[in-house]
Amino acid sequence: MANASPIEWTDATWNPVTGCSKISPGCKFCYAERLAHRLQAMGQKNYQNGFELTLQPHMLEHPLRWKQPRCVFVNSMSDLFHAEVPPDYIAKVFDVMRRAHWHQYQILTKRSERLLDLDFNLRWQPQIWMGVSIESEDYLFRADHLRKTGAHVKFLSIEPLLGPLRKLNLRGIHWVIVGGESGPGARPLETAWVSELRDRCIHERVPFFFKQWGGMFKSRTGRILDGRTWDEMPVTVHLQHANTSSQRGVDGRLKSGQGRGSTVQLKPVAPLE
Ligand code: SF4
């Protein structure tokens with residue numbers, strides 16, 4: 001079941017796969033791993049295998065049941081492009097996103113090589129936004145892989161940011177999310193690393209979303225950068241979703257950071273009756 005999401009840039013989550021395995025330093029304090037073990041201890045059926053990768057075919061059709069358009073984070077508790085997720089299962093996830101087209105979907109992966117390998121077989125639609133996670137300069141290649149896919153809207157989740165990303169290439173990128181690590185043991189985030197990325201995004205007209213400073217108590221450190229929040233998103237015209245509708249004008253354009261973000265005009269899609 002997709003739940004209302006506490007994640008700042010989405011409304012709901014949908015997990016047709018649960019569980020994962022660590023692949024790079026950004027995974028060190030994986031939030032999904034911690035939550036999966038908690039849900040397992042609580043006896044939640046979908047998490048009886050804890051954080052072991054598990055297909056959840058009974059979850060596949062859930063977006064078709066939600067009549068109200070939502071912004072859906074796909075596989076917040078896994079990585080859809082994990083090697084153990086069969087290509088035909090990934091194709092089924094894409095097929096549901098095609099049929100439940102009144103929602104907007106955000107998929108995020110660290111397995112960018114596999115994303116690119118399977119790209120030829122993916123039925124991209126404007127409502128499917130594809131992102132890769134990048135934590136340091138060692139993983140900039142993930143953006144190169146993403147650029148080569150057929151995704152209509154391509155975004156970067158730079159979280160947790162673990163060092164400066166001066167060589168980041170923003171060509172073909174429609175949205176950048178930046179954040180620090182949170183929770184026990186969180187690695188430090190330097191203001192200069194965030195400011196540099198924000199300035200690059202402004203210069204290259206890429207919408208910039210600053211999620212959090214993080215640290216042990218993220219509610220105390222907040223998400224203010226240079227006196228304001230940064231909540232820019234690509235412009236979409238087919239969905240007014242709960243978390244961001246207040247940030248948009250009647251034409252669907254962002255109120256925050258007006259005129260700064262590049263725009264991705266998506267065709268309006270009518271919701272089902
Ligand atoms: S890829 Fe994502 S879900 Fe998988 S272990 Fe790393 S942080 Fe967790």
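Helices here are DSSP runs of H or I with at least four residues, strands are DSSP runs of E with at least two, and both are numbered from the N terminus.

## The big picture

What you're looking at is a predicted model. By that count, the protein has seven helices and nine strands. Of its 273 residues, 40% are buried.

Much of the contact map links distant parts of the chain. Take the contacts with a separation of 6 or more: 70% of them join residues 24 or more positions apart.

## Around the ligand

Let's start with the ligand. Its neighbours are Cys20, Lys22, Ile23, Cys27, Cys30, Ala32, Glu33, Ser78, Asp79 and Lys110. Sorted by class, this shell has five nonpolar residues, four charged ones and one polar one.

## The nonpolar cores

The largest nonpolar core has 52 residues, and the members that touch the most others are Leu156, Ile158 and Val176. Helix H3, residues 87–99, is the top contributor to this core, with five residues. A separate core of five residues lies apart from it, and includes Cys20, Tyr47, Phe51 and Met77. Cys20 may ring a bell, as it is also one of the residues around the ligand.

Val176 is a handy place to look around. Leaving out residues up to four places away in sequence, Val176 touches Phe155, Leu156, Ile158, Leu197, Cys201, Val206 and Phe208.

## Helix H6, inside and out

Helix H6 runs over residues 191–203, and it has the length you'd expect: at 1.5 Å a residue, its 13 residues should span 18 Å, and its end C-alpha atoms are indeed 18 Å apart.

Which residues of H6 are buried? They are Val194, Leu197, Arg198 and Cys201. These four cover an arc of only 100° around the axis, so they sit on the same side of H6. The general pattern is simple: an α-helix has 3.6 residues a turn, so residues three or four places apart point the same way.

The buried residues of H6 are covered by, among others, strand S7 (153–158), strand S8 (175–179) and strand S9 (208–212). On the face turned away from the buried side you'll find the exposed residues Ala192, Ser195, Asp199 and His203.

## Loops and backbone oddities

Just past H6 comes Arg205, in the loop between H6 and S9. Its phi is near 55°, which is positive even though Arg205 isn't a glycine. Is Arg205 buried or exposed? Arg205 has 12 C-beta neighbours inside 10 Å, so it counts as exposed; the cut-off for exposed is 12 or fewer.

Asp226 does something along those lines: its phi is positive, about 50°, and it is not a glycine either. You'll find Asp226 in the segment after helix H7 (218–221). With 10 other C-beta atoms within 10 Å, Asp226 is exposed.

Pro160 brings another kind of quirk. The peptide bond from Glu159 to Pro160 is cis, with omega near -5°, and Pro160 lies in the loop between S7 and S8.

Last stop is Lys67, found in the loop between helix H2 (62–65) and strand S4 (71–74). Lys67 is exposed, because 11 other C-beta atoms lie within 10 Å. How far apart are Lys67 and His103 in space? Their C-alpha atoms are 8.9 Å apart, while 36 residues separate the two in sequence.

Terms used
Residues numbered from 1 in each chain as written. Predicted model: local features only at pLDDT ≥ 70, side-chain atom pairs only at ≥ 80, totals over all residues. Near = placed C-beta within 6 Å. Nonpolar A, V, L, I, M, F, W, Y, C, P; charged D, E, K, R; others polar. Expected span 1.5 Å × (residues − 1). Buried ≥ 20, exposed ≤ 12 C-beta atoms within 10 Å, placed from the backbone. Arc of directions from axis to C-beta. Contact = placed C-beta atoms within 7 Å. Core = buried A, V, L, I, M, F, W, Y, C linked by C-beta atoms within 7 Å.
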